[in-house]
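Me: I'd like a close look at one part of this protein, the last helix and whatever sits around it. Could you walk me through that, starting from the overall picture?

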Amino acid sequence: SEGATVQLYDPLVESWTEMGRSVARDLEDPRLFDAVVLAVPHPEYTALDYVGWLHEHRTLILDANRVLPEAQRRDLLAAGHTVVSIGRGD
């Protein structure tokens, strides 16, 4: 009933014309997000220090396309984040 606000981030895309949406080129403060969905395995996403970016903020991470390397996934879980993956078989 409250709805959701969706923030798009992609360092390689400036706008999503089909959706009439602008795309952020820089990561915003993670405290703005209840969930982060990883959908494309750009090198910028696979190399990102998610634990460092999120700091103390706990959020749901949905890896929808095997974006997270296993070591990053383990680090996020160890730091207390909820990580849900699609297509990993676990």
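Reply: Sure. This is a predicted model, and the protein in it has 3 helices and 5 strands. Read from the N terminus, the elements go β-β-β-α-α-β-α-β, so to speak of the last helix is to speak of α3.

A bit of context before zooming in. The protein has 90 residues and a radius of gyration of 13 Å, which agrees with the value near 12 Å that a compact globule would have. Along the principal axes, the C-alpha atoms take up a box of roughly 35 × 30 × 25 Å. Buried residues account for 31% of the 90 residues. If you take contacts between residues at least 6 apart in sequence, 42% of them join residues at least 24 apart. The exposed area comes to about 6100 Å², with carbon and sulfur atoms supplying 53% of it. As for charge, there are 8 positive and 15 negative ones, and their mean positions lie 5 Å apart.

Now the helix itself. α3 covers residues 70–78, and its buried residues are Gln 72, Arg 73 and Leu 76. Look down the axis of α3 and these buried residues fall within an arc of 100°, so they line one face of the helix. The general background is handy here: an α-helix has 3.6 residues a turn, so residues three or four places apart point the same way.

What does that face pack against? The buried residues of α3 pack against two helices, α1 (43–46) and α2 (50–54), and against two strands, β4 (60–63) and β5 (82–85).

The α2 side can be followed through Val 51, which is found in that helix. Val 51 has a relative accessible area of 27%, so it counts as partly exposed. Setting aside neighbours within four places in sequence, Val 51 is in contact with Asp 75, Leu 76 and Ala 79. Leu 76 is one of the buried residues of α3. There is also a C-alpha to C-alpha distance to note: Val 51 and Leu 77 are 9.5 Å apart in space while 26 residues apart in sequence.

Next, the way into α3. The loop between β4 and α3 holds Asn 65 and Arg 66. Asn 65 is partly exposed, with a relative accessible area of 37%. Again leaving out neighbours within four places in sequence, Asn 65 is in contact with Leu 38, Ala 39, Val 40 and Pro 41. From Asn 65 to Leu 38 the C-alpha atoms are 6.9 Å apart, with the two residues 27 apart in sequence. Arg 66 deserves a check of its backbone: its phi is positive, about 55°, although Arg 66 is not a glycine. Arg 66 is also partly exposed, at a relative accessible area of 47%.

On the way out, just after α3, Gly 80 takes a positive phi of about 95°.

One more backbone angle while we're at it. His 55 sits in the loop between α2 and β4, and it has a positive phi of about 50° despite not being a glycine. With 57% relative accessibility, His 55 counts as exposed, since the cut-off for exposed is over 50%.

To pull it together: α3 has a buried face made of Gln 72, Arg 73 and Leu 76, that face packs against α1, α2, β4 and β5, and Val 51 of α2 makes contact with Leu 76.

Methods: Residues are numbered from 1 along each chain as its sequence is written. This is a predicted model: local features need pLDDT of at least 70, side-chain atom pairs count only at pLDDT 80 or more; totals for chains, interfaces and linings use all residues. Side-chain values use heavy atoms; hydrogens and water are left out. Buried means under 20% relative accessible area, exposed over 50%, partly exposed in between (1.4 Å probe, protein chains only). Helices (H or I, at least four residues) and strands (E, at least two) are DSSP runs, numbered from the N terminus. The arc is that of the directions from the helix axis to the C-beta atoms. Contact means heavy atoms within 4.5 Å. The radius of gyration is taken over C-alpha atoms; the globule rule is 2.2 Å times the number of residues to the power 0.38. Accessible areas come from the Shrake-Rupley method with a 1.4 Å probe; for residues, only the protein chains shown count as cover. Lys and Arg count as positive and Asp and Glu as negative; His and the chain ends are not counted. The place of a charge is taken as NZ of Lys, CZ of Arg, CG of Asp or CD of Glu.
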